[in-house]
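Reader: I am new to this structure. Please show me how to read it, step by step.

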Amino acid sequence: MGRRNLYGKVAICGIGESTYYKHGQSPDPEFVLALRAILKAAEDAGINAREIDGFASYSNDRNDPSRLAAALGINDLKFANMHWGGGGGGVAAAVANAAAAIAVGFADCVVVFRALAQGQFRRFGEALPDPTVSGEAAFLSPYGVMSPAQKYAVKATRFMHEHDISRSTLRAIAQASYHHAQTNPRALMKGRPLSGEKYDESRWIVEPVNRLFDCCQENDGAAAVILVSAERARDLRQKPAYLLGAAQGSDHRCAATVMNGTNVASSSFTTVAERLYEATGLKPTDVDVVQSYENFTTGVLMALIEHGFCAPEDANDFFTLQNLSAGSGRLPLNTSGGNLAECYMHGMGLQLEAVRQIRGESCNQVAEANISMNIAGPMVSPVSSLIMGSEETLT
Amino acid sequence: MTSNTYLPAGMPIPVPAADGLDAPYWEAARRSELVVQRCGACGSWQWGPEWLCHRCHSFDMRWEKVSGEGVIYSWERPWHPVHSSLKAVGPYTVVLVELPDAGNIRMIGNLLGPKDQDVKIGRSVKAVYEPHEAADPPYTLVQWVSS
């Protein structure tokens, strides 16, 4: 297979995050969290933050790149990019957009960041207080379908019905995140392991697919990655994590309102995953480790299946805690604890973890991890995913 | 407090979109009728509402009355309340219904009846109309019952 688009041209040279907090508990305003993560990523890369000449983010991040550039004293802002779409579907696309800007010469050093202070602003999991609703919400909210958990459960219920998939798959995905968080000092759920019994006894959020532990946390914090050209990255102090390819989008009429997308029982990745493999010339069996955005475990289940890691009819055997764990598993998954158990930084934390795996610095390091996949927030539109590789993958 | 609606008063009130796109739907519901979009040029059914036919790109989108016979395509039962009006309600049932005689378009609604009733994908349902006269402005929801 051939290689298209970005293969090996751009690398992530720095990663940084603020302290992660429970929602509402950050002592800093959201803008300060963003600055802290960006400065830490620059320090990690060994560059002066004034070298940053581009910003990319997603999901309508509130921290304006021009204000950031002014605050950081950046001389020449060359690229300011917001990826359309709500939810965490755009996190891999934001990294890809930054990489594309570098590859074509719009900018030389682009930071991708996400900052959230849900205490300063609003929580995702609560309904808006508006007395009236219009547009798509008018066809959902009056029936009690308001939160992301409520909006997406029908997709997963149908998918699991069609393929006769057991809820044990969801338990394994939740347990993998909690298992990996136990060795991660950044993880908010460190010290709070999740046994099968504890999972099974947890309350329903949305029956029949979302128990409490199937749902992401809501947190305050920020995380950032810095990208430069492959040539520049080789001169910096960290082992580069090269971007091998990325894809974004969604399939036929995916976002048609009130669940009228053609393929509604889906994580939205069917066409995107195909393009990701086409862009990189790689196949699922080449991938050493995966970080897959858990808004809900159901989204991970569908996203991994739609990325070809297992056929739907094999899911009940494939999705086990052992199989998804670093050290023992065929597909080590969410090795930092992810959105469920490290921190819900809207998927940005999972990008940092994908880089750590390439560097060999994860708390749950996968041996000889050369190919590291990141799958952004599933079930929304557009979604995105990417593959990073080590120096060994460039030959 | 007793209520003749499935979910209590105080839920978000649906109003037509500011650009008028879905106004005919909400007006028909007030008359206890279910209307959905159908293309005047190619006959395609379309839902949710949009100004353009996704199949032939005609702007001649019309509103056609349908029987209200449906099939449960998927379902869910939210337990965790995310709205103040739902705090004391407990779990309630939501169905995603396909309309076979309208091009298999899908609609969300509640499955009326006991809130903990058994729900099966593939079961037949029928549209019923649930007026909320005390709301300001008043509105009518299309709801679903087993048929």
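Author: We take the contact between chains, then chain B, then parts of chain A. This is a predicted model, where local features need pLDDT of at least 70, side-chain atom pairs count only at pLDDT 80 or more, and totals for chains, interfaces and linings use all residues. Residues are numbered from 1 along each chain as its sequence is written, with chains lettered from A and ligands numbered from 1 in the order in which they are written.

Reader: How many residues does each chain give to the contact?

Author: Two residues are in contact if their C-beta atoms, placed from the backbone, lie within 7 Å. Here chain A gives 37 residues and chain B gives 35 residues.

Reader: Which element gives the largest share of the chain A side?

Author: Helices (H or I, at least four residues) and strands (E, at least two) are DSSP runs, numbered from the N terminus. On the side of chain A that touches chain B, β6 (132–133), α4 (148–163) and β7 (204–207) each give two or more residues. The largest share, six residues, comes from α4(A).

Reader: Which strands pair across the chains?

Author: Two strands pair if DSSP finds at least two bridges between them. β7(A) pairs with β5 (residues 69–78) of chain B, antiparallel, over two bridges. In this region A:Val206 stands opposite B:Pro78 of β5(B).

Reader: What is the secondary structure of chain B?

Author: Chain B has one helix and nine strands. Along the sequence the pattern is β-α-β-β-β-β-β-β-β-β. Its C-alpha trace spans about 50 × 35 × 25 Å along the principal axes.

Reader: How is burial read, and how much of chain B is buried?

Author: Count the other C-beta atoms within 10 Å of a residue's own, all placed from the backbone: 20 or more is buried, 12 or fewer exposed, and in between partly exposed. Buried residues make up 38% of the 147 residues in chain B.

Reader: Is α5(A) enclosed or open?

Author: In α5 (residues 168–181) of chain A, 13 of the 14 residues are buried, so the helix is largely enclosed by the rest of the structure.

Reader: Where does A:Ser384 lie, and is it buried or exposed?

Author: A:Ser384 lies in β13 (residues 383–389) of chain A. A:Ser384 is buried, with 32 other C-beta atoms within 10 Å. Leaving aside neighbours within four places in sequence, its contacts include A:Gly89, A:Ala246 and A:Val272. From A:Val206, A:Ser384 is 178 residues away in sequence and 26 Å away in space, C-alpha to C-alpha.

Definitions and conventions: The expected span of a helix is 1.5 Å times one less than its number of residues.
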